[in-house]
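Reader: I am new to this structure and would like to go through it with a few questions. Could you answer them step by step?

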Amino acid sequence: MTSDRMTTSAGITVRSVRDDVRARARSASDVCRAALARIESLDPHLHAFNTVVGERALARAAEIDRDFDRWRDRPLVGVPVAVKDNMCTRGVRTTASSRMLEHYVPPYDATAVERLEAAGAVIVGKTNCDEFSMGSSNENSAFGPVHNPWALDRIPGGTSGGSAAAVAARITPLALGSDTGGSIRQPASLCGVVGLKPTYGRVSRYGLIAFASSLDQIGPIARTVDDAALALNVIAGADPRDATSAPEAVPDFTAALTGDVRGARIGVPRALLEHGVDVQVSRAIMTALDTLASRGATLVDVQLPHAEYAIPVYYLVATAEASSNLARYDGVRYGFRAAPGASHPAPGTQHSAPSTQHSALGTMYAQTRARGFGPEVKRRIMLGTYVLSAGYYDAYYLKAQQVRTLILRDYEQAFSGADAVDAIAMPTSPTPAFKIGERVDDPLQMYLADVFTVSANLTGLPAVSVPCGFADNGLPIGLQLTGRRFDEAGLLRLADAYQRDTEWWKPAPPIVTG
Amino acid sequence: MPSEFSRDQIAAIAALARLELDPAEVELFARQLGDILAYAEQVRRVDTTGVPPTASVVTRHATDRADELRPSLDRDVAIESAPDPALDAGFFKVPRVIG
C-alpha cells in the first residue's frame, strides 16, 4: 500500500508513465499491476468498472516489455487506459451498461480502441456509464450507479461517469469517453478532471455503440490538458470505416501547448450565465477568466440568442435519432432475447398494434425490448418515436432541426468577422455534483443539467472542461471552453495555459489520500 | 398538444416502437412525455421562416472509396453472437412469423 500511496500522491500522468516506461525506469507490467491493484482497492467503493480485464492487460504489458524495441517509441507505450463500455473491444464484453448487451462480446474493435492499443496503451477495463449513454448522472446504468470519488454519496456525472471517476481516483491516467450532450465534459467537471469533446468527425465513431449519430463523439478524459492532447494525437484522424470521420489533417496537438495566449479573444455569453447557475460556480468561472486575462487573453461579450433553446432542441433531435438507432435491438442478431412467456400488454396495446405485433416474432420483439431496456431508454425511444411519427414530424423534429441551424449560426457569428473570438467560455455544469437519487424521479430536471454542454454537440464544435475550483463542500467545478471547428489546437492551448497558472487539477480526492 | 398523453396514445406510440409496456409504465410515460413535450413547446415559438434544417454538421466528406471487395467478418463469427444462431445453415433463427 505504501508504494501505491506514493505513486498516487505524486500524481501520475500519461506523459510521466509513458516517459518512465520508455526510459525503462518502470516496466509496462509494473505499471499495469499497480493500476489493477488500485482497481481492486478502490473500485468496490466507486463501481467505475463494468468489466476488468486483468489477465488480458498483464499479457499485453508483458508483450510490450518482451518486445520492447518494437514498442519503445509508440506515443502511449505502457499507459494504462480505461475505456467506456460503449466502445467495442474484440473478445471483451461490451455492454453499454444495458441488460440488452449484458453478455455481448464483440467480434471487432472500435477504431479508437484499435488506435490506442497500436500506440502501446494497455486497456485495463471497461467503464460503467448510463445505459446506452442516456443520462446525466450515471444512475441509468443497469448495473448500478458510479460514485463520485470526491463524495461517495454524489453522482460522478454522466454518461461517461466511470471513465471520469477512474481518472479522478488515479486508477488510470487516461480514459476514453463518448459525448452526445456533455457526456465527457460534465462528468470530467464533476470529478475534477479534464474532458475533451473533439470536433464532430475528428475521431472515428466506428465501433461506438450509437445513441444519436449526428451528435456522438469519442474523446479523452485525463488529469492534464497535455495528456488529453497526447491521447487526441493517437485517436484522431480519418477512418474509411466511418464515412462521417473528417479528412482534415491531424496536427501534433501537444505542439500547440505553448502557454502563450496573448491576443487570444475569449467570448463570454454573460446573459446566459445570469440564471440558474450556482453562485459558487459563477464565481469560480469569473475568477478563471481573470486568470486567463492576466496571461494576456482578452475577454469580450458575445451573444448567443438561441442558446436558451438548446435543451429542448437537443432532446427532440437526440431522442429521434435514438429511437431509430435502437431499433436494431430486436433479439435477432445479437444481445438479449426474451424467452417466450406470459405477455402483459398494456391496455390498448393490442388494437393499435401493427400486424406483426400479433405474430410470435412481433411478441418476441416487444418483450425483448421491454425487458432488455431500462426506464430512461424506453422513455427516450417513446419520445423519439412520437416526434418522428406522422403528423408531429414537422411540428417537433423538423422545427428542432431548424432551430439547430439558428444555434449553429449564433456560434458561427461569434467565431467570425472583425470581432471574432477564439473560444467561448461558460461553466460546464450549472452546479457541482448532486446527490445520488436526488433527481431520478424528475427526468426534465435531470435534462436541465446539460444546459451548457448540448450546444457543442448540436453545432459539432470542440469543447473542453478543465478544473477551475472547488465549492465550499469540496466538490470540483469545471470551466468549459468551446472552440472553432477543427481548432482543438487553439482550444487546448488556452486550457493548458490555464492549468499552468492554477493548481485545481492537483489535489487527489479523499478516497485516494485516505 | 395535451400536457398529458392518453393511455391510448401511449399504447399507439409503444406499438410503433415495438415496446411492451406494463400498466405502471403507461401511467408514468403519459405524464412524463407530456411534461417533456410541454417544455419542448418553446421551440415552436421561434421564427424559422426560410431557415433550412440541420441534420448533420459534417462539413467535408472524405473522398469516396473504390467499390471493391474487402475483408470483413467471417459469416460464422458474425452470427455466433445471435441468441439463436443456425451455425450449420448460416442463418439467424426467429420465432414463427405467420399465424
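Reader: How far apart do the centres of the positive and negative side chains of chain B lie?
Author: The model is a predicted one, and the charges are taken from it as they stand. Chain B carries 11 positive side chains along with 17 negative ones. When the centre of each of these two sets is located, the distance between them is 3 Å.

Reader: In what order do the elements of chain B run from the N terminus?
Author: Chain B contains three helices and two strands. Followed from the N terminus on, these elements come in the order α-α-α-β-β.

Reader: Why is chain B described as more spread out than a compact globule?
Author: The C-alpha atoms of chain B occupy a box of roughly 55 × 45 × 20 Å along the principal axes. For 99 residues the globule rule gives 13 Å, and chain B counts as more spread out than a compact globule because its radius of gyration is well over that figure, at 23 Å.

Reader: What share of the residues of chain B count as buried?
Author: A residue is called buried when its relative accessible area is under 20%. Of the 99 residues in chain B, the share that meets this condition is 31%.

Reader: Is A:G478 buried or exposed?
Author: A:G478 belongs to strand β11 of chain A, which covers residues 476–483. Beyond its neighbours within four places in sequence, A:G478 has contacts that include A:S189, A:I285 and A:P427. With a relative accessible area of 2%, A:G478 is buried.

Note on methods
Residues numbered from 1 in each chain as written. Chains lettered and ligands numbered in written order. Predicted model: local features only at pLDDT ≥ 70, side-chain atom pairs only at ≥ 80, totals over all residues. Heavy atoms only, no water. Helix = DSSP H or I, 4+ residues; strand = E, 2+ residues; numbered from the N terminus. Rg over C-alpha atoms; globule rule 2.2 N^0.38 Å. Buried < 20%, exposed > 50% of the residue type's maximum accessible area, 1.4 Å probe, protein only. Lys, Arg positive; Asp, Glu negative; His and termini not counted. Charge placed at Lys NZ, Arg CZ, Asp CG, Glu CD. Contact = heavy atoms within 4.5 Å.
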